Amino acid sequence: MFRLIENTWDAVSYLGTLPFVDEIYGLGVCQGGSIIASASVTDHRIKKIVTVSGMMAADAFQWGDRGIADQVIAAANASRQKMYETGAADYSWPNVLDDSMTREEFNALGIPMSNDTYNSYGKDGVAGPGKVKNFTNEHIGDQSMQSLISIGEHYADKITQPTMVIYGPNAATAICSTNFIDRLTNSPEVRAFDEFSHVDFYWKPEAVKASCDAAAEFFNKQG
């Protein structure tokens with residue numbers, strides 16, 4: 001999260017040097033929604049933002065079971081210490097989808113949205129290993145130390161730029177968008193698509209088209 005927010009500010013700085021760029025807008029999908037919203041709190045060079053199926057107000061979703069959260073944190077802490085001491089990347093993050101798992105094996109882990117996630121990332125999914133060059137499902141083991149901190153959620157009332165929130169009300173992550181909407185004070189525009197799940201917005205053609213059309217209309221709107 002912290003690195004990616006910094007990277008976003010750097011990208012905005014670079015775009016600001018290009019003579020053909022008049023205004024800079026931000027679009028974030030899933031965790032990218034939280035990143036672009038967080039970056040926009042203090043970067044008003046970003047003039048509008050759109051989040052799609054965003055992990056925006058994620059506290060209720062990620063910390064709903066404190067026991068599970070503590071297990072994830074303990075594993076991430078151990079992984080970070082291991083990487084510091086060995087100087088090598090550690091991909092041994094437990095209970096995540098790897099490149100070899102079948103749908104049945106991944107579903108058996110009991111992880112929320114497992115079937116939905118497998119539709120995209122699984123080895124038999126639309127964007128899994130072998131479908132996209134150099135793609136892997138491997139995660140650096142300390143990732144949760146950052147992803148469990150949802151900065152945008154707690155600064156939502158500080159966001160002044162025009163904002164659009166796109167999400168699926170029936171998605172497992174809907175609470176992340178609805179809680180965020182409730183905390184915004186800038187009269188956000190909301191597009192809710194009942195027919196799409198969280199991961200549908202990643203790859204399903206009709207979901208991608210619906211969200212892209214809504215975002216394009218919002219960005220092109222004058223005033």
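Start by selecting Lys209: with a relative accessible area of 52%, Lys209 is exposed (exposed means over 50% relative accessible area, buried under 20%, and partly exposed in between, using a 1.4 Å probe and protein chains only). Before you click on, know that this is a predicted model, where local features need pLDDT of at least 70 and side-chain atom pairs count only at pLDDT 80 or more, while totals for chains, interfaces and linings use all residues. Residues are numbered from 1 along each chain as its sequence is written, and side-chain values use heavy atoms, leaving out hydrogens and water.

**Stop 1: around Lys209**

Now add Asp213 to your selection. Lys209 makes a salt bridge with Asp213, and their closest N and O atoms are 2.6 Å apart (a salt bridge is a side-chain nitrogen of Lys or Arg within 4 Å of a carboxyl oxygen of Asp or Glu). Asp213 is partly exposed, at 40% relative accessible area. Both Lys209 and Asp213 sit in helix α11 (residues 205–220), four residues apart, which is about one turn of the helix. Helices here are DSSP runs of H or I with at least four residues, strands are runs of E with at least two, and both are numbered from the N terminus.

**Stop 2: the whole of α11**

Select residues 205–220. α11 has 16 residues and reaches 22 Å from its first C-alpha to its last, close to the 22 Å expected at 1.5 Å a residue; that expected span is 1.5 Å times one less than the number of residues.

Which residues of α11 are buried? They are Ala207, Ala210, Ser211, Ala214, Ala215, Phe218 and Phe219. Look down the axis of α11 and its buried residues fall within an arc of 155°, so they line one face of the helix (the arc is that of the directions from the helix axis to the C-beta atoms). On the face turned away from that buried side you'll find the exposed residues Pro205, Lys209 and Asn220.

What covers the buried residues of α11? The cover includes strands β1 (24–29), β2 (46–52), β3 (163–167) and β4 (189–192), along with α10.

**Stop 3: Asp200 and α10**

Hop over to Asp200, which is in helix α10 (residues 200–203). Asp200 counts as buried, at 6% relative accessibility. Leave aside its neighbours within four places in sequence, and Asp200 is in contact with Asp116, Glu195, Ala207 and Val208 (contact means heavy atoms within 4.5 Å). You've already met Ala207 as one of the buried residues of α11.

Asp116 takes you to α6, where the buried residues are Ser114, Asp116, Thr117, Tyr118 and Ser120. The buried residues of α6 pack against α5 (103–107) and α10.

**Stop 4: two more salt bridges**

The salt bridge count for this model comes to ten, so there is plenty to click through. Try Arg80 and Asp142: their side chains meet in a salt bridge at 2.4 Å, N to O. Arg80 lies in helix α4 (residues 66–86) and Asp142 in the loop between α6 (114–121) and α7 (144–147), so the pair ties together parts that are 62 residues apart in sequence. Arg80 is partly exposed at 40%, whereas Asp142 is buried at 7%.

Next, pick Arg183 and Glu153, whose side chains meet in a salt bridge at 3.0 Å, N to O. This pair links distant parts of the chain, with Arg183 in helix α9 (residues 174–183) and Glu153 in helix α8 (residues 151–154), 30 residues apart. Is each partner buried or exposed? Arg183 is partly exposed, with a relative accessible area of 36%, and Glu153 is buried, at 3%.

**Stop 5: Ser40**

Select Ser40 in helix α2 (residues 31–42). Ser40 is buried, with a relative accessible area of 0%. Beyond its neighbours within four places in sequence, Ser40 is in contact with Ile46, Ile49 and Gln161. Show Thr8 as well: Ser40 and Thr8 are 32 residues apart in sequence and 9.3 Å apart in space, C-alpha to C-alpha.

**Last stop: zoom out**

Show the full protein, with its eleven helices and four strands. Its radius of gyration is 18 Å, close to the 17 Å that the globule rule gives for 223 residues, so the protein is as compact as a globular protein of that length (the radius is taken over C-alpha atoms, and the rule is 2.2 Å times the number of residues to the power 0.38). Along its principal axes, the C-alpha trace spans about 50 × 40 × 35 Å. Of the 223 residues, 41% count as buried.
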